[in-house]
2 protein chains.
Amino acid sequence: MRTDLERFFSPKSIAVIGASRDLPTISGQPLSHLVNHGYAGKLYPVNPRYPDILGHKCYASVAEVPETPDLALILINASRVADMLEQCGQKGVPYVIIFSSGFSEMGGEGVALQKRLVAIAEKYNIGVIGPNCQGLMNVADKAWAGFGSVFFAKDYPAGRVSMVSQSGGFGFSVLSLCSEGGLAFRQMVTTGNEIGVSSLEFIDYFVRDPHTDVIVCYLEGARDVARITEIGLKAMTAGKPILMWKVGNTDEGQKAAASHTANLGGAMALYKAAFKQTGIIQVEDIQDVVDYGRMFRCGKLPNGNRIAMITVSGGAGILMTDECVSRGMQLAKLAPETVAKLKEFVPSFGSLGNPVDVTAAIFNDLALINRTLQAIVDDPGVDCIALINASLQGEIATKIAHEIVAIAKTTDKPIAAAWSARDVMAKDAYALLDDARIPHYKSPVRCGRAFAALSGYAEAKRRIEAQRNEQPLVLKKHESKQILKSRIVDVAEYAAKKVLAEYGIAVTLEELATTREQGLAIAKKIGYPVAIKVQSPDISHKTEAKAVKLGLASDAELSAAYDEVLANAKAYNVNAQIEGVLVQEMLRGGTEAILGITNDPLFGPAVMFGLGGIFAEIMKDVSFRLAPVTPAMAREMIEEIKGYPLLTGARGRVHADVEALADAIVKLSALAVDLKDHVAELDINPLFVMEKGKGVKAADALIRPKVKG
Amino acid sequence: MRTDLERFFSPKSIAVIGASRDLPTISGQPLSHLVNHGYAGKLYPVNPRYPDILGHKCYASVAEVPETPDLALILINASRVADMLEQCGQKGVPYVIIFSSGFSEMGGEGVALQKRLVAIAEKYNIGVIGPNCQGLMNVADKAWAGFGSVFFAKDYPAGRVSMVSQSGGFGFSVLSLCSEGGLAFRQMVTTGNEIGVSSLEFIDYFVRDPHTDVIVCYLEGARDVARITEIGLKAMTAGKPILMWKVGNTDEGQKAAASHTANLGGAMALYKAAFKQTGIIQVEDIQDVVDYGRMFRCGKLPNGNRIAMITVSGGAGILMTDECVSRGMQLAKLAPETVAKLKEFVPSFGSLGNPVDVTAAIFNDLALINRTLQAIVDDPGVDCIALINASLQGEIATKIAHEIVAIAKTTDKPIAAAWSARDVMAKDAYALLDDARIPHYKSPVRCGRAFAALSGYAEAKRRIEAQRNEQPLVLKKHESKQILKSRIVDVAEYAAKKVLAEYGIAVTLEELATTREQGLAIAKKIGYPVAIKVQSPDISHKTEAKAVKLGLASDAELSAAYDEVLANAKAYNVNAQIEGVLVQEMLRGGTEAILGITNDPLFGPAVMFGLGGIFAEIMKDVSFRLAPVTPAMAREMIEEIKGYPLLTGARGRVHADVEALADAIVKLSALAVDLKDHVAELDINPLFVMEKGKGVKAADALIRPKVKG
């Protein structure tokens, strides 16, 4: 696989295969855009129908091009693309963008055609973008190798944001609208069906690109998504935030699964887990990209999540407060010294709290903002500062901007402004802020949202750095692998818990009986009351089959129940293979939780935690992480569910053994990694979390083995 | 109270009290804005310091003004406002705007000053706006009676949107930015501390104003919020959507309350209930107002929530789908005939599903969009249609816009476009759409959000119209009033359930015993097992006091327990007044729910429903409605909680008696209305919802009486 992706964006020479003289059409556009926007390298149109296009000599075939171009653009009908790719391979062309549609996106025949392309690309080691894409645009170096409305514009300003998009039309509209909104792009690439270089590989490249500061991605899906945490953490280390659209969120395409974990762990749940683990920032709309991108370009990160606001409009302050607090920030509590300072000049009908409301009195006394800002910057309890200037405009606005710029230079705390004046009314003020890279937003809500993104990113960075010293637990258990190897039916409770126990997860005291007498003997050993459960790989839902009896208190009760559950199991599934009847201790007290593994075909193994039964299934109050999970991550998983207070004494409950629970999650994660070739799904349901200091115990479990396709 | 609010916006003459020649200051601005923007009425500056200002003769006092002005603006220091208001009263001025700050917003002395203003306004029956506001702007009639940066602009285009805002700075920035975004305002008023005319009264006025189509409101709080449903429903009847910011959402200012209902029913929960009941649309940011306002100005409402999309960019289609579906819309399922028609011209690599992806092939065949749009419009299963045109621009864009306008004229179905081309690149196309009132949005997400607002409004309208025939249940129970009248301590279970029973809500079989022997006799009558509970107005949390015993199965158990609970109660609170011990049937089966009333000092009585215990308290999975609640509303309350599946057979449960539950909610609502002067809070917790057909039963209840302050 070629990784030198710089040559896509800055090729020394480009062959345009299928170039047309009909310039507005898809096959006409790329050459004309390259020419019009001043591409500096060599251009070789390839089309037997023309002697030349736009003054460039046209070649009848790739073979005739006088050198081996760095990059070829293929703009011909789908049916002929494979032949042309073959010719590129023979010529030794290292990089190709296939624009043509008519492949896997149309199904049927297209899928076969696409497979041929993959084979040819592999044969010649060609780095391919597409097919079914709109190419790329290197704004900084004027290589506009693509088509679409956005290419007809004048040059865009060059910046330090790079984006990869699986959608051509939407991707380029992001570039265009962000440029208009004041966030300039360095390069944009659209990847379409991604038979070659993937979105994640481009992100990986942008992390290495010294001229990119902020990375944007529009993602529908990724066949190499298993790399997302690795690449996300690389970007975090490099200090480059990733702003990502993950779309297709309302898809209901979840397959029927045996376990609750797999049912709850659709792709979106796993993406969200990956985002949490890496600090990738989800965006919803183009405005978010502009707003967050501008905030990140300020080059400062807050040390905590405490924001202070200075406002000339009380209302705008309330709006920003709502937005920041609902997104996890805190209103800074100003130090008494700060309040005392403010009292000297803020009008009595203003507010000395946070937000500090200097009111419309600013019209009568301009120095108010400057003095207030300095006082707030000096307060050690403040991590970042928002100025809310309503619609201040004209000369006053320019003066205020000067003051903000001067003070911002003296501090490491991020400062941004919510400033609603129309562009024409505060042109100079905005230009001053832009030059000093002080972000400003037309609405307090947008400003608050951008601060929350910055603050959330900084928090993720601190968390990830703190966790970097934690080594994930690694366990290797040969015996469990043997049990699961070549298994094709579900592993019932008894055997599943043997596997759990091997990885150090405590399970209920229990033994398997194959006769009633044996059952009575086991019960005697364990002590009454006991539970009994029929064990069969063909009965995953034992309760539904009435193959379970709880709280049996005596030999007599056990004897009667033993026969009954076996009869019920047979009635439920006459062909069920019965392994025996599990005789098990009854647990008392404790809180029921659920732990599980879903081993996603693309993501790999992920671990789930939730509270038992209804909370997980109906309320969907669960948390996921991609394995491996460290102890700190396990604690995060526990704390982030809504029902967490139930584990810490809410409603008169005892405080549960959260440490033992976190430990069980870590061990389950080690199991998930060790058995990733053998376990498709796993549920521990319920896991009893006992009183603090008394541990956890798996009371039931189910493993669905991974069956080799 | 004056209700002829038109004179605020279109006064024939205005006195400007405290007008200054220093024009940029707060007291200088209003007169200069009125003059500069061509106010057509008479202007009377009042200030003893000047002979004239801006060519208008200046008067030393209000008394000297040669006529009684329709409106006076007061721009002087807070300490002198009361005297000036008094003078206005003596002069007979009907309407006054008080701009000055320094009243209740600064606390202490300011509160007293404000009370004086209220008294004077009442004495003279003056309609007052303010104090602490920035005035108003009648864009249509050029009466710019206010101050702030936004007033320095050139004229804004006049439209049919009217707004009231409690925040001056933020409110006017909304007007300015909306105008820039293509949504023109008719009038804007900022109300500040609202000692006189309230925000809701202005909304009520806008509903009556024949020149207003869309109403916008920024609201921090409202002392007359009890009128919100009445006014909201009036607006709905008039077909005027209300777009509302309700801010201060993250306030934690919830007082400690005895009942769960009151604890969960903070102001925001009640506002949200009111919004649901009236179809008021909550907005988060200024962009929402522009986007929703433009959508509503199209003048069409969809008949259902099924949207179809036609896109040239698959990615943008996915984004809009996510947005619409997550906000309650459905993707229309296209009829087979429609799909057959589309197949004739949509490229094979496009998509015939919904979204219909005509792909970038549009560059080569323009007629594609036109034919596709017609086919979709003709499909009876489609309620509204989005065109997603990515960045199409120039001549192609203009041609497409022509087609859209032509087809939109022939259908009642709302049509809007997500169109990302920059304004300069698709100027003609956008102008064509604007003229035809076809909304267009720069991003598919914004377009989807606006469609969801329109669709949600239309759905609320259908629901409200359907419910209009339902009369709320009215019950009048003299005896209950007698029980609660002049009560100051909490009403314990036994007495509280007598009240419930009077309103037809079934309660457990039970009697109060004052001796052990009496208890045994009652148990015999009811039949074992029974529960016993100490009754005391001083012990609201009986379980916490260990004053409850459940599942007593025999005389012996009851006897022992009887003494124990009394001893426990005394140990818990030695001074508790003990009314007796309640002996009660034990309920079997059923789902535990909670019903309650919170009688908010401002909103009045509201009814809550949730599932029992943890679901309500920890998961906060509850629904509220302001009383009265009709049967249809009660069913909505039940269906909207997340745990609803637990009542309809999820996880192998029996189907609960949802009809009886709805009936109990309706009766509780009737109780809430009948006893609104006597009940502050009420919890039925738990209410057992039995199997379908078997009704509900209140197992415990608590009433906190309303104590006259």
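In the predicted model, V489(A) has a relative accessibility of 34% and is therefore classed as partly exposed, since that class lies between the buried limit of 20% and the exposed limit of 50%. This valine is located in the loop that connects α17 (478-484) with α18 (493-502) of chain A. On the surface, V489(A) forms a nonpolar patch together with I488(A) and V707(A). The accessible area of these three residues together is about 270 Å².

The surroundings of this patch may be set against the overall architecture of the chain. Chain A contains 23 helices and 30 strands. Its C-alpha trace extends over about 95 × 80 × 35 Å along the principal axes. Chain A has 709 residues, of which 61% count as buried. The accessible surface of the chain amounts to about 26,800 Å², and carbon and sulfur atoms account for 51% of that surface. Where contacts in chain A between residues at least 6 apart in sequence are considered, 71% link residues at least 24 apart.

Two strand residues illustrate the interior of chain A. Q187(A) belongs to strand β11, which comprises residues 185-190. With a relative accessible area of 0%, Q187(A) is buried, because the class is assigned to values under 20%. The side chain of Q187(A) takes part in a polar contact of 3.3 Å with the side chain of S162(A), and a further polar contact, of 3.1 Å, connects it to the side chain of D209(A). Both partners also appear in the contact list of Q187(A), from which neighbours within four places in sequence are left out. That list further comprises F9(A), M137(A), N138(A), V139(A), V161(A), M163(A), Y205(A), F206(A) and T212(A).

The second residue, I684(A), is situated in strand β28 (residues 679-689) of chain A. I684(A) is likewise buried, its relative accessible area being 0%. Apart from residues up to four places away in sequence, I684(A) touches L500(A), I505(A), A593(A), I594(A), L595(A) and L668(A), as well as A698(A), D700(A) and A701(A). A separation of 670 residues in sequence lies between I684(A) and I14(A), and their C-alpha atoms are 57 Å apart in space.

The remaining results concern the association of chain A with chain B. In the contact, 74 residues from chain A meet 74 residues from chain B. About 5,900 Å² is buried between the two chains, with carbon and sulfur atoms contributing 63% of this area. Between chain A and chain B there are 2 salt bridges. One of the salt bridges pairs R449(B) with E284(A), whose closest N and O atoms are separated by 3.3 Å. In addition, 20 residue pairs are in polar contact between chain A and chain B, with both residues at pLDDT 80 or more. On the side of chain A that touches chain B, two or more residues are supplied by each of α5 (168-180), α11 (314-326), α16 (444-467) and α21 (614-617). The largest contribution to this side comes from α11(A), which gives 8 residues.

Conventions. Residues numbered from 1 in each chain as written. Chains lettered and ligands numbered in written order. Predicted model: local features only at pLDDT ≥ 70, side-chain atom pairs only at ≥ 80, totals over all residues. Heavy atoms only, no water. Patch = residues over 30% accessible without salt bridge, like charges linked within 9 Å, V, L, I, M, F, W, Y side chains within 5 Å. Areas by Shrake-Rupley, 256 points an atom, 1.4 Å probe, with all protein chains shown as cover. Salt bridge = Lys/Arg side-chain N within 4 Å of Asp/Glu carboxyl O. Helix = DSSP H or I, 4+ residues; strand = E, 2+ residues; numbered from the N terminus. Buried < 20%, exposed > 50% of the residue type's maximum accessible area, 1.4 Å probe, protein only. Polar contact = N/O pair within 3.5 Å; in protein donor to acceptor, adjacent residues only side chain to side chain. Contact = heavy atoms within 4.5 Å. Buried area = accessible area lost by both parts, 1.4 Å probe.
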